[in-house]
Structure formats: C-alpha cells, structure tokens
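Trainee: I would like to learn how to read the cysteine pairs in a structure. Could we go through them slowly, one at a time?

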Amino acid sequence: MSTIVVSTLALSATPALAQEKRSEVADMTAAISRDLGLSPEQVKLTAEQQARAIAIDERLQKELGDQIAGTYFDAKSGQLIVNLTDRSLLETVKGAGATPRLVQNNLKQLGLALNALGGPDTSPEKREVIKSQSQFAALSIDPISNTVKITATKEQAGAAREAIAKYGDLVSVETIDELPEPTVNFLDGGDGYNGNNCSAGFNLRNPSTGAKFLLTAGHCLSKGDWVTGQGGVFFGTTLESWFPSYDDALVRNQNTGYWIQGPWFDSNPSNGAFHSFSGMTDSPVGTIVCKAGIKTKFTCGFITAKNEDVTYSTGETIFDMTRHSACVEPGDSGGSVLSYIGGRFRAEGVTSGARLRRDGDGIRRCLSKFGEQNVSWAFPVVDSMAYYGPKYGATLW
C-alpha cells in the first residue's frame, strides 16, 4: 500500500510508505514575497484586501451585469475598481465598497469590437471546437485601458494599424517578438511522454460515487491516453481532452489503491511539502496568483488580463484564458494556478502556455530570466468545472 506526498501527483508525485506522516506547509508568503517584491506584512494585507475585493466583485457582477464595463483590483489602494459609463450607478458601486471609475467605452461596444476582430462567443457548459478568425496573437477586453487589447507580432502590425484606424479608442495594441507557446516539452521520436512532460493540475472527486479524477491541460493528452506518475506507475485513462478552443483534460484515477488524492498541491514539485487549497475563484485583473509546475516549481505573479483569446505558435487558438505574470516554462503545462485570498489558496486555473525566449544554450525560458515581465496563460477552473462538474459529478473536493 502506498500513499502520495502531494495530490498534484499523476504526472509528478512521489509514492511513500503509508505510515509516513504528512506535514503541510504553514506559510507560503516567502514565494509571493520573492516574486512580487512584497514584504510578509504586505502579502498578508494584500491577501485580505483581495478577499474583500473578490467578494464585492462577485456581488456587483450579479447585480449589475453588463452595466459594468470591467473590473480590476488596484494593489496600491487595495480597492476593487469598477468601470462605469452610467453616472447613476456611482453611488451603488460606492455603497458596495468599491471605487467607481467613469470610462468612455461600455461593455457592449467592447464586446462587439472584440467579436469583429475574431473573438467568438463561447460557453463553458456546451463545448465545441471553434476555428479562430483572429489575425492576432491575443485578444482581450482590458479593464485598465478600457479597450480591446490586441497583442500583435511585427508581422501582424499592419492588421493592428487597420484595427486602430477602424475602431479608434476602442482598441489598444501591444507588440511582441514571437507568438506564445504551449508549455509542454517537445516530443520527438523515442522521447518519453508522461515522464515530467507536463504537470498535474487539480484533484477532483465525485462525492456520491467516490470516483476520483485529475484535471490538467488538454494539449498534454488525447482522449484515451494512459497517464503514469513518477516511477512509471499507472494512474488512469484520459476521459476527455479539449484543445484547441479550450485547454483542459480530465483523467480518471483507476489505481486508487496506489495514488491517494485530496485538495492539495505540491509547493516544490516533485517531492516537496504539500499545501491545501479550498474551492475556486475567478479573480479580477490585478490579483495575485501562484503556479505549481514540475519545471519552474512554485512561482507567483499578478493577473494581467481575463478572457483573453490566445493564438500559439503552433497555430491553435484557445479562448477565454487568464493572463498572468508568474514564470512558466516547458514542462509546467497543466499545473495548478491558484489565487491567494485571505491567507488561503483557491483553484484559479491550469497552466497552458507562455511567451518564451531562448537563452545562450537554446533553452526556452520565461521572460523574467531576461529582466522582463513574464507573460503566461492559464485556462480558468471555473470554465472547466462548469463543463466537467455536471457531466461527471466532479467537485474540487
């Protein structure tokens, strides 16, 4: 009988003796302090402020819906900023505890421009693979600039200029050198697949039947693929895999006598001490997220865009992704991305890809290794659970 040191195990866990005692990490603020330049006191304060901001955001999204032109968390003030085009809603937002901000473009205008530029309407409950019509590396509605943000390579600059000429202040443009990449290691003939090729995301279960699952990235697996953990031990079979359009996969644990799962992630994959997560979030721009992955371990950053449509160097487009600034490199794909709210971690997404650059040895590295801000993406857990939850009775423990 064996147990697992951590729950993000199917691709990266280490079996141990059943009687071995587990010791949960008590404090994870050191990694956040390291990556974001915050003192432990600032990390604690920001986590409390974010917990309040997310609760207010959820309430206002339900009450006001499309009357809001975007929201984001402002780390300097510790406030949720709510974009409005209707002055009559200023006091409503203030009364909820947020800071209103009058902007020029409403959500309908931005959404129409986004769709015209190639961003389709997608539903997490009913899935179908959609061919992207976008000419750009990425598209999203940016609440800070109150625009549809176009991410374009130099080759796409002409199309970006045409978009500015057509839509004016509705769009803004950032330029990049190369298209982003999914962060799975390249697989050549004879290479192993599950041996640290990708990282595990979140453990799920069906509380009624006891069935257990692993949520990871869709581009790591195909339906029917076998998954093995550390040491080549069989974990289970891939039930579903979605990529492109989406980027998630669900694996059934068919070796429960060996692999023990729970609401945990590894703080130093593999073989590091574990830490718990509780529930899930769909956090606004500006909030802290951290990711666990086999290549770059545990790194942290800020959410910098939501619901972004991203086209990778391989030509596939994934919709509604979350952009963040934690370091991500090949091998981290599928790993846990977590928000840090009120001193607790919550599931936010699974790692999908990043903008990468080659170092002097030709190795693809995250941008912070070259003194730049990281650009990474995760597929949102809320979208995955909206689909897999009802279909398989799966919950985040």
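Mentor: Let us begin with a term we shall need, namely that a residue counts as buried when its relative accessible area is under 20%. Please keep in mind as well that this is a predicted model.

Trainee: How many disulfides does the structure hold?

Mentor: A disulfide is a pair of cysteine sulfur atoms within 2.5 Å, and the structure holds three of them. When the bonded cysteines are counted along the chain, the pattern is 1-2, 3-4, 5-6.

Trainee: Which strands do C290 and C300 lie in, and are they buried or exposed?

Mentor: The sulfur atoms of C290 and C300 are 2.2 Å apart, and the bond links C290 in strand β17 to C300 in strand β18, 10 residues apart. C290 has a relative accessible area of 1%, so it is buried, and C300, with 3%, is buried too.

Trainee: Why is the disulfide of C290 and C300 right-handed?

Mentor: The handedness is read from the torsion about the S-S bond, which is about 100 degrees for C290 and C300, so this disulfide is right-handed. For C198 and C220 the torsion is about -90 degrees, so that disulfide is left-handed.

Trainee: Where do C327 and C366 lie?

Mentor: C327 lies in the loop between β19 and β20, while C366 lies in strand β23, so their disulfide ties together parts that are 39 residues apart in sequence. Both C327 and C366 are buried, and the torsion about their S-S bond is about -95 degrees, so this disulfide is left-handed.

Note on methods. Residues numbered from 1 in each chain as written. Predicted model: local features only at pLDDT ≥ 70, side-chain atom pairs only at ≥ 80, totals over all residues. Heavy atoms only, no water. Helix = DSSP H or I, 4+ residues; strand = E, 2+ residues; numbered from the N terminus. Buried < 20%, exposed > 50% of the residue type's maximum accessible area, 1.4 Å probe, protein only.
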